[in-house]
Amino acid sequence: MSQDLFQAPDYYQLDDLLSEEHLLVRDAAREWVKRAVSPIIEQAAQEAKFPTSIISGLAEIGAFGPYIPEEYGGAGLDQISYGLIMQEIERGDSGVRSTASVQSSLVMYPIWKYGNEAQKQKYLPKLASGEFLGCFGLTEPNHGSNPGGMETKIKDMGDHYLLNGAKMWISNAPFADIAVVWAKNEEGRIKGLIVERGMEGFTTPETHNKWSLRASATGELIFDNVKIPKENILPNKDGLGAPLGCLDSARYGIAWGAIGAAMDCYDTALRYSKERIQFDKPIAGTQLQQKKLAEMITEITKAQLLTWRLGVLKNEGRATSAQISMAKRNNVDMALTIARDARQVLGAMGITGEYSIMRHMMNLESVVTYEGTHDIHLLITGFDITGIQAFK
């Protein structure tokens with residue numbers, strides 16, 4: 001088991017822009033990742049198993065709903081703190097960050113924002129503590145980038161709703177206690193509802209044979225005449241804007257998280273390049289390797305500045321969906337490019353489990369697609385600046 005020697009790059013002294021609370025929150029998450037994630041994550045990825053032993057630790061560092069008010073079990077932190085926690089967790093592994101992102105932004109967020117008081121009291125404290133884990137059912141077999149075309153339906157049966165349909169590519173599905181699911185009613189209006197494990201007709205088969213996010217559990221949600229109590233409907237927002245609001249929060253966390261993966265790849269490549277001797281000197285002393293490393297730290301620094309500013313706007317309630325899309329697209333693409341360049345710095349050693357780079361690279365191939373693909377986010381920016389929709 002290799003020692004976690006990670007040292008975070010801060011080329012533009014961005015720590016000066018963070019509050020004392022931000023630094024405390026980030027450093028606590030960073031120390032936890034070194035202690036609890038790094039020693040086990042390579043084996044978890046090799047075995048394609050989610051390490052359930054880390055759930056309590058994620059809760060302890062505030063990774064589950066950090067911005068949820070304390071009255072509902074959250075930490076009551078700001079959006080920059082949330083981002084920093086996601087950055088540190090993804091430095092460990094994108095799959096672990098996915099679990100935290102889903103719990104926070106796709107399960108707790110809609111219950112907090114769209115739910116009633118009874119729903120908040122019933123679910124949020126247990127989700128914050130990790131007693132409950134949740135998942136988010138939007139993507140379907142026939143509808144990914146076009147979620148408005150969903151085929152999952154609810155029918156009003158008088159004293160309850162009947163839910164039928166299927167969702168796929170759902171993080172946390174195989175072990176989730178609850179699912180926040182989006183379905184169309186008889187009028188074609190999209191509604192959010194809470195489905196609980198154990199409801200008759202609700203199954204969550206696991207997706208196997210993944211080359212990416214191997215330490216994250218992915219599955220399907222199958223609904224076969226599932227009876228949904230009317231009190232499980234989220235009452236305070238419906239329509240496509242409701243799930244998209246959740247995705248904004250998740251994409252924001254991903255923008256921060258991708259920086260963590262990039263930093264880990266850069267730090268690994270920098271350290272290796274100083275230690276690897278070829279032609280009687282460290283490869284760090286060659287022009288081509290310095291070019292790679294200099295470009296890595298430049299792109300990381302640009303992403304840090306972009307995302308910090310987005311966090312300020314998010315705290316002020318001024319961040320737009322299009323701004324969030326830009327950061328998600330830029331930062332994940334940046335991280336994937338850095339992972340590929342870092343792998344080249346390590347040569348053949350870069351493909352082994354002795355180093356984290358290949359695992360990050362495989363994970364990022366999912367991150368660049370989920371929560372809106374690379375191309376869809378490009379079109380979101382294009383629509384925002386031109387006013388002309390190019391989706392269809």
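Tutor: Two strands count as paired if DSSP finds at least two bridges between them. Keep that in mind as we look at this predicted model.

Student: Happy to! In E7, which residue is the bridge partner of phenylalanine 202?

Tutor: Start with the strands: E6, residues 202-203, pairs with E7 in the antiparallel sense. Two bridges join E6 and E7, and the pairing cut-off is at least two. Opposite phenylalanine 202, the partner in E7 is phenylalanine 223.

Student: How many bridges join E3 to E7?

Tutor: Strand E3 covers residues 160-171 and E7 covers residues 218-229. Within this pairing, isoleucine 170 stands opposite glycine 219 of E7. The two strands run antiparallel, and the number of bridges joining them is nine.

Student: Is serine 171 buried or exposed?

Tutor: Serine 171 belongs to strand E3. Beyond its sequence neighbours within four places, serine 171 is in contact with Ser98, Val102, Cys135, Ser216, Ala217 and Thr218. Its relative accessibility is 12%, and the cut-off for burial is under 20%. Serine 171 is therefore buried.

Student: Asparagine 225 is in E7 too. What is its phi near?

Tutor: Asparagine 225 has a relative accessible area of 42%, so this residue is partly exposed. Its phi is positive, in a residue other than glycine, and is near 55°.

Student: Glutamate 371 also has a positive phi, near 60°. Where is glutamate 371 placed?

Tutor: Its relative accessibility is 17%, so glutamate 371 counts as buried. As for its place, glutamate 371 is in the loop between H9 and helix H10 (374-386).

Student: Let's turn to helices. How are H3 and H9 oriented to each other?

Tutor: H3 spans residues 79-92 and H9 spans residues 357-367, with their axes 10 Å apart. On the H3 side the contact is made by Glu90, Arg91 and Gly92, and on the H9 side by Arg359, His360, Leu364 and Val367. These contact residues divide into two nonpolar, two polar and three charged. The packing angle is about 130°, so the two helices are oblique.

Student: What is the relative accessibility of serine 94?

Tutor: Serine 94 lies in helix H4. Leaving out residues up to four places away in sequence, serine 94 touches Leu213, Asn363, Leu364, Val367 and Tyr370. Serine 94 counts as buried because its relative accessibility is 0%.

Student: Which helix gives the most to the largest nonpolar core?

Tutor: That core has 64 residues, and those with the most contacts inside it are Ile89, Ile111, Leu127 and Trp182. Isoleucine 111 touches residues including Tyr123, Leu124, Leu127, Ile178 and Leu234. With 10 residues, the helix that gives the most is H4.

Student: How far apart are the C-alpha atoms of proline 51 and alanine 217?

Tutor: Proline 51 is in the loop between H1 (20-47) and H2 (55-60), and with a relative accessible area of 10% proline 51 is buried. Setting aside neighbours within four places in sequence, proline 51 is in contact with Ile40, Ala44 and Ala215. Proline 51 and alanine 217 are 166 residues apart along the chain, yet their C-alpha atoms are separated by 9.5 Å.

Key. Residues are numbered from 1 along each chain as its sequence is written. This is a predicted model: local features need pLDDT of at least 70, side-chain atom pairs count only at pLDDT 80 or more; totals for chains, interfaces and linings use all residues. Side-chain values use heavy atoms; hydrogens and water are left out. Axes are lines fitted to C-alpha atoms, for helices over the stretch in contact, and angles run from 0 to 180 degrees between N-to-C directions. Helices (H or I, at least four residues) and strands (E, at least two) are DSSP runs, numbered from the N terminus. Angles under 35 degrees count as roughly parallel, over 145 as roughly antiparallel, 65 to 115 as roughly perpendicular and the rest as oblique. Contact means heavy atoms within 4.5 Å. Ala, Val, Leu, Ile, Met, Phe, Trp, Tyr, Cys and Pro count as nonpolar, Asp, Glu, Lys and Arg as charged, and the others, Gly among them, as polar. A nonpolar core is a set of buried Ala, Val, Leu, Ile, Met, Phe, Trp, Tyr and Cys residues joined through side-chain atoms within 4.5 Å. Buried means under 20% relative accessible area, exposed over 50%, partly exposed in between (1.4 Å probe, protein chains only).
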